[in-house]
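Below is a briefing on a single structure, arranged by topic. Please read it with the sequence and coordinates open.

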Amino acid sequence: MASPTRQKPESISISPLLKKLAYPASEVAVEASEIASAFALIFEDRLSDVQTAALLTLLHSTQLDKHPEVIAKCSYRMREAARQTDKAALQKAIQSRGKSEGKYRGGLCDIVGTGGDSHSTFNISTTSSILASPLLVVAKHGNRAQTSFSGSADVLQAVTPIPPKITAVNAENLSQVFAASNYSFLFAPNFHCGMLYAEPVRRQLGLRTIFNLMGPLANPVDWAIEARVVGVAYQALGPVFVEALRQNGAKKALVVCGEEDLDEISCAGKTNCWQLTEEPNPDFDESRADEEEYVEEVPRTIAKFDQFSICPADFGLPSYPLTEVYGRKMPKDNAAKLMQILRNELPRDDPILSFVLMNVAALLVTSGICESDNSNMGPGDDGQVVTERGPGGGRWKEGVRRARWAIESGSALRCFEQFIEVSNNLQ
């Protein structure tokens, strides 16, 4: 028997908002909350394709899609509309991993880029997320290719002989995955079902819209994310993104953009960084720490902002031109390279390996785990903590040391194999 046809909800008009956007000189200023409310209608399938297209185009033409408050509030609505995970169950699973060390409290971490930088390099953030997983609990949010040859989902699905079953991981079983693995890939379509209603318009418009910027801030378990690295495709987005993250409540975040307008930490030269670090709130009264209402009103910690630049030498690594790390290959080729890295089959001075190591190190430093003065990574760890500090006060060389251990000890490969096994056993 055929399933009944879904009845489309009644559309709601946002003509007043569109007129404000189209004629800003003759109307009052548009509030970010108004725009975010319109996006909530998209996720509910209550906005017509015509008005969706008009909204996206007007935001693009007015540059409001680059406003931090607009990005922050729209991404919040996107997360709100996502399929929700049982918070208590997920927190229990994360705590069971027991990954607290240094200033890292054991929460979830993510590393992601906006895409659209036109460089088509290797799948750096995806590989980095896996390499970090022996030390951190990683919830990598990603999708199929939008602007590159090989997206994060594409490369994982091309892994041989058995790829992880990323389409099986969803909001209902995510805590089950983390009970068995330090790593999970959160395939965006499994969580953000409301995006289905925007896809036809996005495809037909053929231009980059605010959705491309919301993606890195739309991790469906954002409430459990302790630290993240976000790569942006051009310099002007750096301060925009770090402010959007701050408004979304992030306290441990690193926004990066290679000097070549690369949405990763560059292996070729300088990378500009915008950083949020968690610091004690000087206004917090410890004598009132047991008062629930007070703690909700006055946070115990705050986000401190810093801006600096970094280069491969700060990680103790050589520089390589981007021509040596271009991807521009099919997912199966990048998947083969990913597995070579995990199996420790590349020489220590391989350009792509160095490129990956810097980005893993950035996530490790941002998490706070590199602040530990007593290394306890496990077998294969020489215990020689590198305490040298570089730009932004980070122990970048210690991050590389830990990243190399993850590969050379086989720990990253085992973590990935655990994820492959648990994802393929999900019902």
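**Briefing**

M330 is partly exposed, with a relative accessible area of 49% (buried means under 20% relative accessible area, exposed over 50% and partly exposed in between, with a 1.4 Å probe and protein chains only). The model is predicted: local features need pLDDT of at least 70, side-chain atom pairs count only at pLDDT 80 or more, and totals for chains, interfaces and linings use all residues. Residues are numbered from 1 along each chain as its sequence is written, and side-chain values use heavy atoms, with hydrogens and water left out.

**M330**

- M330 sits in the loop between strand 7 (301-310) and helix 14 (331-342); helices (H or I, at least four residues) and strands (E, at least two) are DSSP runs, numbered from the N terminus.
- Between the C-alpha atoms of M330 and R288 there are 57 Å, although the two residues are 42 apart along the chain.

**Annotated span**

- An unreviewed UniProt entry annotates residues 29-82 as "domain: Glycosyl transferase family 3 N-terminal"; UniProt positions are given in the numbering used here, feature names are shortened, and annotations may be inferred rather than shown by experiment.
- Residues 29-82 are 74% helix and 0% strand, and the C-alpha atoms at the two ends of this span lie 29 Å apart.

**Nonpolar cores**

- The largest nonpolar core has 86 residues, of which L108 and L136 touch the most other members (a nonpolar core is a set of buried Ala, Val, Leu, Ile, Met, Phe, Trp, Tyr and Cys residues joined through side-chain atoms within 4.5 Å).
- Helix 15 (residues 351-367) supplies the largest share of this core, 12 residues.
- Another core lies apart from it and has 47 residues, among them L47, L56, C257 and W274.
- In soluble globular proteins, nonpolar side chains tend to be buried together.
- Neighbours within four places in sequence aside, L136 is in contact with Y104, C109, N182, L363, L364, S367 and I369 (contact means heavy atoms within 4.5 Å).

**Second largest pocket**

- The second largest pocket holds about 570 Å³ of space. On a 1 Å grid over the protein atoms alone, a pocket is an open set of points where a 1.4 Å probe fits, with protein on both sides within 12 Å along at least five of seven lines, and lining residues have an atom within 4 Å of a point. Grid points are joined across faces, edges and corners, and a volume is the space filled by probe spheres set on the points.
- This pocket is lined by 23 residues, and R105, W223, A224, I225 and E226 are the closest to its centre.
- Helix 5 (87-96) and strand 4 (225-231) are the elements that give two or more residues to the lining.
- The lining comprises 6 nonpolar, 9 polar and 8 charged residues (Ala, Val, Leu, Ile, Met, Phe, Trp, Tyr, Cys and Pro count as nonpolar, Asp, Glu, Lys and Arg as charged, and the others, Gly among them, as polar).

**Helix 12 and helix 15**

- In helix 12 (residues 237-247), the buried residues are L237, G238, V240, F241, V242, A244 and L245.
- These buried residues pack against helix 4 (68-81), helix 11 (210-214), strand 4, strand 5 (253-258), strand 6 (271-280) and strand 7.
- G249, just after helix 12, takes a positive phi of about 100°.
- T366 belongs to helix 15 and is buried, with a relative accessible area of 10%.
- T366 is in contact with A227, R228, V229, K252, A253 and L254, leaving aside neighbours within four places in sequence.
- From T366 to V232 the C-alpha distance is 17 Å, with their positions 134 residues apart in sequence.

**Backbone geometry in loops**

- T160 and P161 are joined by a cis peptide bond with omega of about 5°; P161 is in the loop between helix 7 (152-157) and helix 8 (174-180).
- D45, a residue other than glycine, has a positive phi near 60°. The loop between helix 2 (32-43) and helix 3 (49-62) contains D45, which counts as buried at 8% relative accessibility.
- N344 is not a glycine either, yet has a positive phi of about 60°. N344 lies in the loop between helix 14 and helix 15 and is partly exposed, with a relative accessible area of 37%.

**S409**

- S409 is in the loop between helix 16 (396-408) and helix 17 (411-424) and is buried, with a relative accessible area of 19%.
- Not counting residues up to four places away in sequence, S409 touches P379 and R414.
- S409 and S13 are 396 residues apart along the chain, and their C-alpha atoms are separated by 58 Å.
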